[in-house]
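Reader: Hi! I'm new to this one and would love a close look at a single part: the places where helices pack against each other. Could you walk me through it slowly?

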Amino acid sequence: MIWLTAAVLSAFFAGLTSILAKCGIKKTDSDVATALRTVVVLIFSWLMVFIAGSQTTISDISPRSLLFLVLSGIATGASWICYFKALSLGDINKVVPIDKSSTVITVLLAIICFDERSNLVIKLVATLILAVGILLMVEKKSVEHKSEGRAWRLYAVLSAMFAALTSILAKLGISDVESNLGTAIRTAVVLLLAWGMVFYRGKQKELKSIDKRELGFIALSGVATGASWLCYYYAIANGLVSVVVPIDKLSILVSVGFSYVVFKERLTPRAKLGLFLMVAATLLMAFYK
């Protein structure tokens, strides 16, 4: 199925996003980086709209779909702001597993909201295994960031909560909208929210002093995000939310692999077991969809 392939590609690009974003926020403020990334994603997403020729269907979007797309964009923006703040404060291998806990919430909401109850017992068991795996990875280190304490954990949890809302709202919003167009509209909302946060906090002055190397990584992370989103929302629009979301979260494999190579962040035996359980649960949902 094409939507399954799209979900896998979404996971790969999402994994790259975390690494590239981490490289781009060593000195750059996370809110500013998020706003800049969103500009790149917006350009990328609207380019795909015109390539697909779906811009001609804008006038056909129903008020209901537009409302859910906007709400999904707001949830995405909030999730991004929290996620990249968490990345700037903590290790990738700490932040990413908590962010992926949104999968548990999303699967349960998909079962309730969209009546995706085929192989219900298997899905619930897999969700439980996934939750256990996440807990094992989250507690893999006792050393916290000295200057910020455990603030990264709060931001990571908020990111997961908003991410779960994003998937459900997006599914409701793209029921009668071409997926590329839906992604572009959501990105425009995210852009407004991201830049609104920058100006609200008075961080626009920092734009002049951004390191060029980090700016390059921020731009690349935006391209990776755009590619991930296009694949993800195509899969969401054409497949099962309760299957697509777990597959997308396999991006953690890419994140963990690159974090080991780039940042020398290693997993403990406990965390490795957690990662194994997360992957096993995801594959279980995918094969018994």
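Author: Sure. One term before we start: two residues are in contact when heavy atoms of theirs lie within 4.5 Å. Also keep in mind that this is a predicted model.

A quick bit of setting, then the close look. The chain has 12 helices and zero strands, so from the N terminus on the elements simply read α-α-α-α-α-α-α-α-α-α-α-α. Its C-alpha atoms fill a box of roughly 50 × 50 × 25 Å along the principal axes. For 289 residues, a compact globule would have a radius of gyration near 19 Å, and the chain's 18 Å agrees with that. Of those 289 residues, 56% count as buried. Take the contacts between residues at least 6 apart in sequence: 90% of them join residues at least 24 apart.

Now the packing. Two packed helices are described by the angle between their axes and the distance between the axes. Let's use that on H2 and H3. The axes of H2 and H3 come within 9 Å and cross at roughly 125 degrees. That makes H2 oblique to H3, and their crossing is right-handed. Which residues do the touching? On the H2 side you'll find Ser30, Asp31, Thr34, Arg37, Thr38 and Val41, and they meet Trp80, Ile81, Phe84, Lys85 and Ser88 of H3. Sorted by class, the residues of this contact are four nonpolar, four polar and three charged.

If you look at the numbering in lists like that, a general point helps. An α-helix has 3.6 residues a turn, so residues three or four places apart point the same way.

While you're in this area, have a look at the loop between helix H2 (30–52) and helix H3 (63–89), where Ser59 sits. Is Ser59 buried or exposed? Its relative accessibility is 65%, so Ser59 counts as exposed. For a feel of the distances, try Ser59 and Trp152: they are 93 residues apart along the chain, and their C-alpha atoms are separated by 42 Å.

Next, slide along to helix H8 (residues 179–200) and helix H9 (residues 212–238). These two pack at an angle of about 125 degrees, with their axes 9 Å apart. H8 and H9 are therefore oblique to each other, and the crossing of H8 and H9 is right-handed. H8 brings Ser179, Asn180, Thr183, Arg186, Thr187 and Val190 to the contact, while H9 brings Trp229, Leu230, Tyr233, Tyr234 and Ala237. Between H8 and H9, the contact residues divide into six nonpolar, four polar and one charged.

Pick out one of those residues, Thr183, which is found in helix H8. With a relative accessible area of 2%, Thr183 is buried. What is Thr183 in contact with, leaving aside its neighbours within four places in sequence? The list is Ser45, Trp229, Leu230 and Tyr233.

H9 has another packing partner to show you. Helix H7 (residues 151–173) and H9 pack at an angle of about 60 degrees, with their axes 9 Å apart. H7 and H9 are therefore oblique to each other, and this crossing is right-handed. Here Thr166, Ser167, Ala170 and Lys171 in H7 meet Tyr232, Tyr233, Ile236 and Ala237 in H9. By class, that contact of H7 with H9 has five nonpolar, two polar and one charged residues.

Stay on helix H7 for a moment and find Ile168 there. Ile168 counts as buried, at 8% relative accessibility. Setting aside residues up to four places away in sequence, Ile168 touches Thr106, Leu109, Ala110, Cys113 and Phe114. One of those links is easy to trace on screen: Ile168 and Thr106 are 62 residues apart in sequence, yet their C-alpha atoms are 7.0 Å apart in space.

One last stop is helix H4 (residues 92–100). Nine of its nine residues are buried, so H4 is largely enclosed by the rest of the structure. If you want to click through them, the buried residues of H4 are Ile92, Asn93, Lys94, Val95, Val96, Pro97, Ile98, Asp99 and Lys100.

Notes
Residues are numbered from 1 along each chain as its sequence is written. This is a predicted model: local features need pLDDT of at least 70, side-chain atom pairs count only at pLDDT 80 or more; totals for chains, interfaces and linings use all residues. Side-chain values use heavy atoms; hydrogens and water are left out. Axes are lines fitted to C-alpha atoms, for helices over the stretch in contact, and angles run from 0 to 180 degrees between N-to-C directions. Helices (H or I, at least four residues) and strands (E, at least two) are DSSP runs, numbered from the N terminus. Angles under 35 degrees count as roughly parallel, over 145 as roughly antiparallel, 65 to 115 as roughly perpendicular and the rest as oblique. A crossing is left-handed if the near helix is turned anticlockwise from the far one by less than a right angle, and right-handed if clockwise. Ala, Val, Leu, Ile, Met, Phe, Trp, Tyr, Cys and Pro count as nonpolar, Asp, Glu, Lys and Arg as charged, and the others, Gly among them, as polar. The radius of gyration is taken over C-alpha atoms; the globule rule is 2.2 Å times the number of residues to the power 0.38. Buried means under 20% relative accessible area, exposed over 50%, partly exposed in between (1.4 Å probe, protein chains only).
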